[in-house]
Amino acid sequence: KMASCTVELQMDRLERLLCEELGQHCDDAALIRQMKTQFQGLGARPKEELSRSETGDIIDTFLTLLNSSPDTPPLMAARVHSSIGLLRQQHGEYDQAISAFMKALWIETAHREPNAEIVGVTVHRLGIAHGRNKNFDEAIALLHKARMIYSALGFREEHPYQVSAKQELGSLKDGQSTNTRKSLVVNSMPLLASLQVEIDKIVDGFHSNELHDSAFPPSD
């Protein structure tokens, strides 16, 4: 089975989200023109070349768009938050990345017809961010949960999603300890626990054929 989205930051998808897709839900013509002028060609650049200043500009634009476009579809808003998480993670801002992924996951699991693949990728991203932040126990639990979702969807062990999650788990288990460093994100754990219930429902629903693949745009 082919993937419709990716776990890592993809610059071409980021450009498309900024310059094409979000503009369809924004009434501010001047802002749309500014985005196209500022971010055209972003997809051709390596993500490693993004400076903190440029990343800040992109995040500010995302937030301005969300604030000025109340009719943005929920799953599009989730894609924005997930993209912000990837950008934050790119610069080692792991607490902020975790917060952004949590917002995306909350929106995705609250949707009337959750797309399990998108939820799985966001859980996967959240697990990676926790791992980078040395929250090993949370990271391992989330990556195992992502693998459960992928398996329920029929993604085999050699699928890129599964390979990525297994590689992350392998590196995390080497660093896991009983003295795991607790970061500022510890306050998000009760919310994450409540989201786990919704994630479990999605997995169980696919096992029982109660849910179906949705025709929502892929998460970036």
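Which side chains meet in a salt bridge at 3.0 Å, N to O? I shall open with that question, and I should say at once that the model before you is a predicted one. The two side chains are those of Arg132 and Glu168. Arg132 belongs to helix 6, residues 116-132, while Glu168 belongs to helix 8, residues 160-175, so this salt bridge ties together parts of the chain that are 36 residues apart in sequence.

Let us consider the surroundings of each partner. Arg132 has a relative accessibility of 38%, and it therefore counts as partly exposed. Glu168 has a relative accessible area of 11%, and because buried means under 20%, Glu168 is classed as buried.

How many salt bridges does the structure hold? The total is 10, and I shall discuss two others.

The first joins Glu21 to Arg79, with the closest N and O atoms 2.9 Å apart. This pair also links distant parts of the chain, for Glu21 is in helix 1, residues 11-21, and Arg79 is in helix 4, residues 74-90, at a separation of 58 residues. Are these two residues buried or exposed? Both Glu21 and Arg79 are buried.

The second is formed by Glu54 and Arg45, whose closest N and O atoms lie 2.8 Å apart. Glu54 is partly exposed, its relative accessible area being 27%. Arg45 is likewise partly exposed, with a value of 26%.

I turn now to the packing of helices, beginning with helix 1, where Glu21 is found. Helix 1 packs against helix 2, residues 29-39, at an angle of about 150°, and the two axes are 8 Å apart. Angles over 145 degrees count as roughly antiparallel, so helix 1 is roughly antiparallel to helix 2. The crossing of these two helices is left-handed. Which residues make the contact? Helix 1 contributes Glu15, Leu18 and Cys19, and helix 2 contributes Met35, Lys36 and Phe39. Sorted by class, this contact has 4 nonpolar residues, 2 charged residues and no polar ones.

Helix 4, which holds Arg79, packs against helix 5, residues 94-110. Here the angle is about 165°, with the axes 8 Å apart. Helix 4 and helix 5 are therefore roughly antiparallel to each other, and their crossing is left-handed. On the side of helix 4, the residues that take part include Leu75, Ala78, His81, Ile84 and Arg88. On the side of helix 5, they include Tyr94, Ala97, Phe101, Ile107 and Glu108. The contact of helix 4 with helix 5 has 12 nonpolar, 5 polar and 3 charged residues.

Finally, let us return to helix 6, the helix of Arg132. Gly120 also lies in helix 6. Why does Gly120 count as buried? The reason is that its relative accessibility is 0%, and buried means under 20%. With which residues is Gly120 in contact, once its neighbours within four places in sequence are left aside? They are Ala146, Ile149 and Tyr150. In addition, the C-alpha atoms of Gly120 and Leu153 are separated by 9.7 Å, and these two residues are 33 residues apart along the chain.

To conclude, I would ask you to locate two pairs in the model: Arg132 with Glu168, which meet in a salt bridge, and Glu21 with Arg79, which form another. Thank you for your attention.

Terms used: Residues numbered from 1 in each chain as written. Predicted model: local features only at pLDDT ≥ 70, side-chain atom pairs only at ≥ 80, totals over all residues. Heavy atoms only, no water. Salt bridge = Lys/Arg side-chain N within 4 Å of Asp/Glu carboxyl O. Helix = DSSP H or I, 4+ residues; strand = E, 2+ residues; numbered from the N terminus. Buried < 20%, exposed > 50% of the residue type's maximum accessible area, 1.4 Å probe, protein only. Contact = heavy atoms within 4.5 Å. Axes fitted to C-alpha atoms, helices over the stretch in contact; angles between N-to-C directions. Parallel < 35°, antiparallel > 145°, perpendicular 65-115°, else oblique. Left-handed = near helix turned anticlockwise from the far one by under 90°. Nonpolar A, V, L, I, M, F, W, Y, C, P; charged D, E, K, R; others polar.
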